[in-house]
Amino acid sequence: MKPDIEGLKAIVGKNNASDEIADLYVYSSDASVHQAMPSAVVRPKTHEEVQEIMRYADKNKIPVVPRGAGSGMSGHAVPIDGGIVLDMKRMNRILDIRPEDVICKVEPGIVNDELNRVLRPFGFFFPPTPSSGNICTIGGMIGTNASGNRAVKYGATRDSLLGMKVVLANGELVTLGTNTRVEASGYQLARLMVGSEGTLGVVVEATLLISPLPKYRAMGMVNFSRLEEAGRAISNIISAGVVPSMVELMDNVAITAVNKALDLGLPDVAAIVIFECNGMVKGTVDHDMESIKKICEGHNGTGIKVSDDPGEMARIYAGRKKLFPSLSKYREGLACVSLADDMAVPISKIADCVHEIHEIAKRNNVIMSAYGHCGAGLIHTKILMDPTKKSQWEDAKRAVKQVYEYVHRIGGTTSGEHGIALSKAPSWKEEKRDSLEMMRAIKRALDPNNILNPHKLMDAPDDWTTATALRYQVKGA
Ligand SMILES: Cc1cc2nc3c(=O)[nH]c(=O)nc-3n(C[C@H](O)[C@H](O)[C@H](O)COP(=O)(O)OP(=O)(O)OC[C@H]3O[C@@H](n4cnc5c(N)ncnc54)[C@H](O)[C@@H]3O)c2cc1C
């Protein structure tokens with residue numbers, strides 16, 4: 001059924017609901033390979049408006065896809081069944097900041113970096129640090145349990161989330177979780193919403209745990225001529241009891257790409273590891289940096305640079321910071337496509353996994369880089385391929401399947417950071433096969449008419465290449 005656009009305009013105002021083709025097109029894709037057109041876009045300002053929209057959609061069985069910034073990389077906000085895209089970005093107020101309780105309350109449309117800009121004068125920050133922080137919203141971060149390069153110390157969004165208000169599929173408003181750091185009172189329903197990718201409810205308010213800004217920070221960089229040694233060094237750093245605030249790996253494909261794009265002159269080695277420690281006491285940070293340096297030297301790490309100068313630290317991190325856009329420059333004619341992009345593995349298996357990713361890429365005529373927040377066991381990959389060729393999509397599909405089979409075999413998980421949605425669902429359903437029915441039962445209980453972001457996660461199609469149209473023009477063989 002086509003949504004009643006005049007009825008929706010009556011709820012949110014005439015400028016905040018649209019079924020114009022240009023608007024629908026803009027909301028038909030996110031940062032993934034997928035594309036599907038909605039029938040309407042609606043931009044609520046209050047939780048009461050969200051409740052009214054949900055009551056209308058539930059009564060008429062119209063799909064509703066909550067959307068933050070649309071920076072999800074697996075088709076999270078792509079409306080596979082059409083219906084209403086619910087753009088939450090107008091609900092972007094910071095409701096309360098309570099440094100004395102180390103919490104703040106926000107609406108879901110606030111952008112991560114904007115929240116941190118406001119928290120800074122209070123001496124606090126919201127710790128999950130996604131690279132997309134300048135665009136992604138707190139609602140989207142809750143929906144995907146986002147994290148980032150500091151997850152090794154601070155964890156993911158779930159670790160900084162205490163409670164929330166949620167509008168359910170039938171329009172009911174519920175309060176989940178608490179304002180307190182500990183809670184032992186039954187089902188952890190706020191946690192259930194984390195990572196639920198808009199399938200169980202619409203988050204309209206969140207209570208977040210904030211952390212004091214560290215007073216001191218230092219960063220280092222080390223080269224390895226063998227990937228295995230970089231992997232063993234990372235594993236040793238984490239198991240030695242040092243708590244770094246960042247441990248990032250870049251493989252040779254990543255190094256080549258940033259050198260080409262940014263002319264950084266990084267050494268042509270198998271791997272570079274960047275590490276950071278932060279804290280309130282300079283002596284403690286210096287001590288931890290020295291321990292990490294010694295561990296790296298013990299694994300034949302060379303050319304170690306360490307600095308606490310802000311300019312020098314920015315230079316050390318420059319290649320890693322601009323890595324994602326640089327990958328498209330790796331070779332003329334190849335695009336950098338977000339597929340199999342964020343698996344997590346036991347830390348001791350990082351080097352084996354990076355090696356296997358390269359082998360799988362070679363066998364399947366694509367190029368895959370490996371980099372990421374390896375201190376937390378998180379490996380980012382991207383597939384570099386010619387997206388205009390049909391055969392390359394078949395190559396990518398085989399490579400994705402083989403990567404995940406390997407990741408699962410070594411005890412890893414399909415997504416450590418970005419979530420599942422559509423393109424990771426086939427392999428993730430293999431990984432989670434004995435709990436899919438439990439997830440479906442929860443979904444049925446909370447959303448009996450299956451209107452909230454339907455056909456994602458456990459209900460996503462088994463072939464991601466045909467689940468929706470692809471966002472690329474595929475011309476031929
Ligand atoms: C360049 C780039 C770098 C990235 N780096 C990182 C990174 O370092 N770490 C990381 O974790 N991710 C990263 N991502 C992925 C993405 O930014 C995150 O998943 C982010 O949390 C998505 O936020 P968003 O506001 O864009 O949400 P969207 O993409 O719009 O939505 C994501 C999911 O959350 C749901 N959702 C959104 N708002 C609500 C709400 N109010 N209530 C209920 N459900 C809701 C949606 O339905 C959807 O399923 C990156 C993406 C890009 C493009």
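This is a short tour of a predicted model, with one selection at each stop.

**Stop 1: helix 2 and Asp 23**

Select residues 21-26. This is helix 2, and Asp 23 lies in it. Is Asp 23 buried, partly exposed or exposed? Asp 23 counts as partly exposed, because it has 16 C-beta neighbours inside 10 Å, while a buried residue needs 20 or more. Now show its contacts. Leaving aside residues up to four places away in sequence, Asp 23 touches Ser 18 and Val 41. Add Ser 39 to the view. Asp 23 and Ser 39 are 16 residues apart in sequence, and their C-alpha atoms are 9.9 Å apart in space.

**Stop 2: the four-stranded sheet**

Go to the open sheet of four strands with the order 1-3-5-4. Its pairing is mixed. Pick out strand 1 (17-18) and strand 4 (64-67) at the edges. Each has a single partner strand, so one side of each is left without a neighbour in the sheet. Next, select strand 5 (residues 84-87) together with strand 4. The two run parallel and are joined by four bridges. To see a pair across them, label Val 65 and Val 85: Val 65 stands opposite Val 85 in strand 5.

**Stop 3: the ligand shell**

Keep strand 4 in view and select the ligand. There are 37 residues around it. Which come nearest? They are Gly 68, Gly 139, Gly 140, Gly 143 and Gly 198. Now colour by element. Strand 4, helix 5 (138-144) and strand 11 (202-209) are the elements that give two or more residues to the shell. Helix 5 gives the most, with five residues. Then colour by class. The shell divides into 15 nonpolar, 18 polar and four charged residues.

**Stop 4: the five-stranded sheet**

Follow strand 11 into its sheet. Five strands form this open sheet, in the order 6-7-11-9-10, with antiparallel pairing. The edges are strand 6 (94-98) and strand 10 (173-177), each pairing on one side only. On average, neighbouring strands here are turned by 10 degrees against each other, direction ignored. Select strand 9 (residues 161-167) beside strand 11. Six bridges pair them in the antiparallel sense. Met 164 stands opposite Ala 206 in strand 11.

**Stop 5: helix 3, across the sheet**

Select residues 47-60 for helix 3. Helix 3 lies across strand 9, strand 10 and strand 11, and runs at about 50 degrees to strand 9. Check its length. At 1.5 Å a residue, its 14 residues should span 20 Å; the end C-alpha atoms are 20 Å apart, which agrees. Which residues of helix 3 are buried? Label Glu 49, Val 50, Gln 51, Ile 53, Met 54, Ala 57 and Asp 58. Then step past the end of the helix. Lys 61 follows helix 3, and its phi is positive, near 50 degrees.

**Stop 6: strand 13 and its two partners**

Select residues 216-224. This is strand 13, and it is mostly covered: seven of its nine residues are buried. Bring in strand 15 (residues 271-279). Strand 13 pairs with strand 15 in the antiparallel sense over nine bridges. Ala 218 stands opposite Cys 277 in strand 15. Now add strand 16 (residues 302-307). The pairing of strand 13 with strand 16 is also antiparallel, over four bridges. Here Met 221 has Lys 305 as its bridge partner.

**Stop 7: helix 8 against helix 13**

Show helix 8 (residues 227-239) and helix 13 (residues 350-363). Their axes come within 7 Å and cross at roughly 145 degrees. Label the contact. Helix 8 brings Leu 227, Glu 228, Ala 230, Gly 231, Arg 232 and Ile 234. They meet Ile 350, Ala 351, Val 354 and His 355 in helix 13. By class, this contact has six nonpolar, two polar and two charged residues.

**Stop 8: two loops with positive phi**

Select Ala 421, in the loop between helix 14 (390-409) and helix 15 (425-431). Its phi is positive, about 50 degrees, although Ala 421 is not a glycine. Ala 421 is buried, with 32 other C-beta atoms within 10 Å. Finish at Asn 450, in the loop between helix 16 (436-446) and helix 17 (464-467). Phi of Asn 450 is near 55 degrees, again a positive value in a residue other than glycine. What is its setting, buried or exposed? Asn 450 is partly exposed, with 17 other C-beta atoms within 10 Å.

How values were computed
Residues numbered from 1 in each chain as written. Predicted model: local features only at pLDDT ≥ 70, side-chain atom pairs only at ≥ 80, totals over all residues. Expected span 1.5 Å × (residues − 1). Buried ≥ 20, exposed ≤ 12 C-beta atoms within 10 Å, placed from the backbone. Pairing = 2+ DSSP bridges. Near = placed C-beta within 6 Å. Nonpolar A, V, L, I, M, F, W, Y, C, P; charged D, E, K, R; others polar. Axes fitted to C-alpha atoms, helices over the stretch in contact; angles between N-to-C directions. Contact = placed C-beta atoms within 7 Å.
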